[in-house]
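The exercises below ask for a description of a helix pair and of the surroundings of two ligands. Each task is followed by a solution in steps.

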Amino acid sequence: MPHADEKPMMVGEHPQCDPVKTRIIHVGMGASGMLAAHKARKFLTNYELVCYEKNASVGGTWWENRYPGCACDIPAHTYTFPFEPNPEWSEFYASAPEIQDNFMRFYNKHNLEPFVVLNTEVVEAEWHDREGLWHVTLKNRTDGSKFVDKCNVIINGSGVLTKWKWPDIEGLHDFKGELAHSANWPQDLSWEGKRVGVIGTGSSSIQMVPKLAETASQLTVFMRNNTYIAPPFGSNISNKEADPDAADPAAAGKHKYTEKEKERFRDDPAYHLKYRTTIERQIANGGWDMFNRGTELNIFVKGAMQDSMRQRLAHRDDLKERIIPTWSPGCRRLTPGDGYLEALIRDNVNCEFDDIKRITPTGLETITGKHIEVDVLACATGFNVQYFPHYKMIGTGGQVMQDSPEPNVYASVAAPGFPNYFVINGPRGNWGQGCALPSHEVQMEYILQCCRKMQEDRIKCMEPKQNVTTQLNAYMDAWHKKQSIWAEDCKSWYKDNKRNGRVYIWPGSLLHHLKFLKRPRYEHYEITYMDPDNIFDFLGNGKTISQVKLGGEAPVPYIRNDEDEVWDIE
Ligand SMILES: Cc1cc2nc3c(=O)[nH]c(=O)nc-3n(C[C@H](O)[C@H](O)[C@H](O)COP(=O)(O)OP(=O)(O)OC[C@H]3O[C@@H](n4cnc5c(N)ncnc54)[C@H](O)[C@@H]3O)c2cc1C
Ligand SMILES: NC(=O)c1ccc[n+]([C@@H]2O[C@H](COP(=O)([O-])OP(=O)(O)OC[C@H]3O[C@@H](n4cnc5c(N)ncnc54)[C@H](OP(=O)(O)O)[C@@H]3O)[C@@H](O)[C@H]2O)c1
């Protein structure tokens, strides 16, 4: 019983869990922005959402990356939102334009345009604690003007691989020929009959080299690091049941779906689902052990890939020596490089292993003094990976996220000191295996569950606890040290391109990641209520929303015949 001198609680007029209006800003309109717009409609009421996109179009990765050969590195039927199958894929590994078309189909089908503001870049976001709002500074890229928008929640869906990186080599911009970066490829660039140089051995290089080699007069690949070339994933999965004339499973990368195969996918969703799950199970489950050091699969895959590369490099012992890694496959992103090794041994292709000293107006000079003349210079040199947002984030007490010596992120989705800030596919997310989109979906649903809780329970803000975040990251470090191949002596963007750097990948399989994020663990968060002296304000007037809406007709869903039927009260 309250003491007589205690302040009486205010009892509101609203029903229980009546959602308080919230405004959300989502940064970017790639796959993540599309999920935000689509899923918010399902998870939230009484909200506003705006997705600011710096580019002139939506699509993100697949709008930006248009270099020759750009395609997904996992089978197309698994590179869709998991709930939105596409029976129309034309081939086993879809090309970048076809993937972009598929995202556009999703965008138009679900009418997501009303949420989007194009050509508008987020340049800064600052938390104002008293108001419980983010003040987000935006730049209109058409006229350069700046303005501020405010929101309760900011979701950073600006992509891990968006800020492409020129190589740090003297003289790069003095080059007088045609200079291109893989992620900003000029669509009118012609390399036919020309001398071409490609810098890099990452996935982008692996995909473009076979295309460039076909018609370049001379192609030099500058390879300062070695890499695995994977056989096509799913090359044992048959679709002959749909069409006896379908390509043999071994064709994988060359498998173009026949009309009959597509018809079966279209007309028989159960069959299509079986096909999709068979592929996904093989990638997400069957392959998982290869990322665990010393397991049977890890040892087998390493040996098999090295043997396959030796075979494909035929008589070129020099290349075998230089290209085949000693670390485990997967430490750098595995790319099924259809035709890559075959391209490297063509007569018009040369591999250059010496470091580049400088770029001259007509070519590249190596540290050993060679000068290689080129007409076109393609930099497949990757990205400034988004360990921190590429815009300034100012959190509680004026702390700047970018001033931290390393990312301080909880489970790839949130950050202590930055209330109501969430990120899709942040550091320690699903970077290293399989498809990005299932984790995008689960992360977005996680974030929207948090938003809904804040609306319904009258919470001003939430942020992960620092001690929980520190422990979780220490656990992740220990896990990688104990068993993951990513901790081996290899260099990749998963660890900031440092051989013995911290591994920024989830400590477990894709399924393990999805299970962790399927529901938020609110006990890991500091929660601040709108009225800290009346945290039960959300209980309101003693009625539920359904009772306010429907009076005596409100459903009583707990009365049922089947105990396992899921029920809830609005
Ligand atoms: C060449 C390439 C191939 C890939 N292949 C695969 C694959 O085969 N399988 C796979 O699973 N994943 C692949 N990925 C990863 C791919 O990025 C993800 O699958 C997915 O497309 C990411 O979607 P996203 O929305 O999170 O990010 P993005 O697609 O990067 O979209 C982010 C958007 O945010 C915008 N943006 C960035 N900063 C700002 C700002 N400050 N203000 C406003 N807008 C901003 C960008 O312009 C962009 O449109 C590939 C990546 C690359 C680069
Ligand atoms: N669907 C796909 O198949 C696909 C295609 C492209 C990209 N992606 C995604 O994007 C990620 C990035 O791929 P990416 O190939 O663009 O970049 P990346 O994997 O980071 O590779 C960049 C390459 O450029 C080299 N490089 C950088 N600076 C250099 C310099 N100054 N001199 C010489 N070499 C230099 C690097 O060498 P070092 O290794 O020695 O640093 C590396 O070989 C992939 O891991 C993948 O996740 C996927």
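**Exercise 1.** Before turning to the helices, characterise the residues around ligand 2 in this predicted model: how many residues surround the ligand, and which are the closest?

*Solution.* The shell around ligand 2 consists of 28 residues, and the closest are Asp 73, Gly 200, Gly 202, Arg 333 and Gly 382. Sorting this shell by class gives 10 nonpolar, 13 polar and five charged residues. The element that contributes most is helix H4 (residues 203–215), with four residues. In terms of domains, at least three residues come from domain 1 (22–58 + 112–162 + 386–529), and at least three from domain 2 (164–228 + 294–327 + 329–384).

**Exercise 2.** Carry out the corresponding analysis for ligand 1, and state which elements give two or more residues to its shell.

*Solution.* Around ligand 1 there are 32 residues, of which Gly 28, Gly 30, Gly 60, Cys 72 and Gly 159 come nearest. Two or more residues are given by H1 and by strand E4 (120–128). By class, the shell around ligand 1 holds 14 nonpolar, 14 polar and four charged residues.

**Exercise 3.** Describe how helix H1 (residues 31–43) is placed relative to helix H10 (residues 437–456).

*Solution.* The axes of H1 and H10 come within 10 Å and cross at roughly 45 degrees. The two helices are therefore oblique to each other, and their crossing is right-handed. On the H1 side, the contact includes Leu 35, Ala 36 and Phe 43, while the H10 residues that take part include Met 444, Leu 448 and Arg 452. By class, the contact has eight nonpolar, two polar and four charged residues.

Conventions
Residues are numbered from 1 along each chain as its sequence is written. Chains are lettered from A and ligands numbered from 1 in the order in which they are written. This is a predicted model: local features need pLDDT of at least 70, side-chain atom pairs count only at pLDDT 80 or more; totals for chains, interfaces and linings use all residues. Axes are lines fitted to C-alpha atoms, for helices over the stretch in contact, and angles run from 0 to 180 degrees between N-to-C directions. Angles under 35 degrees count as roughly parallel, over 145 as roughly antiparallel, 65 to 115 as roughly perpendicular and the rest as oblique. A crossing is left-handed if the near helix is turned anticlockwise from the far one by less than a right angle, and right-handed if clockwise. Two residues are in contact if their C-beta atoms, placed from the backbone, lie within 7 Å. Ala, Val, Leu, Ile, Met, Phe, Trp, Tyr, Cys and Pro count as nonpolar, Asp, Glu, Lys and Arg as charged, and the others, Gly among them, as polar. A residue is near a molecule or strand if its C-beta atom, placed from the backbone, lies within 6 Å of it. Domain bounds come from an automatic or database domain assignment.
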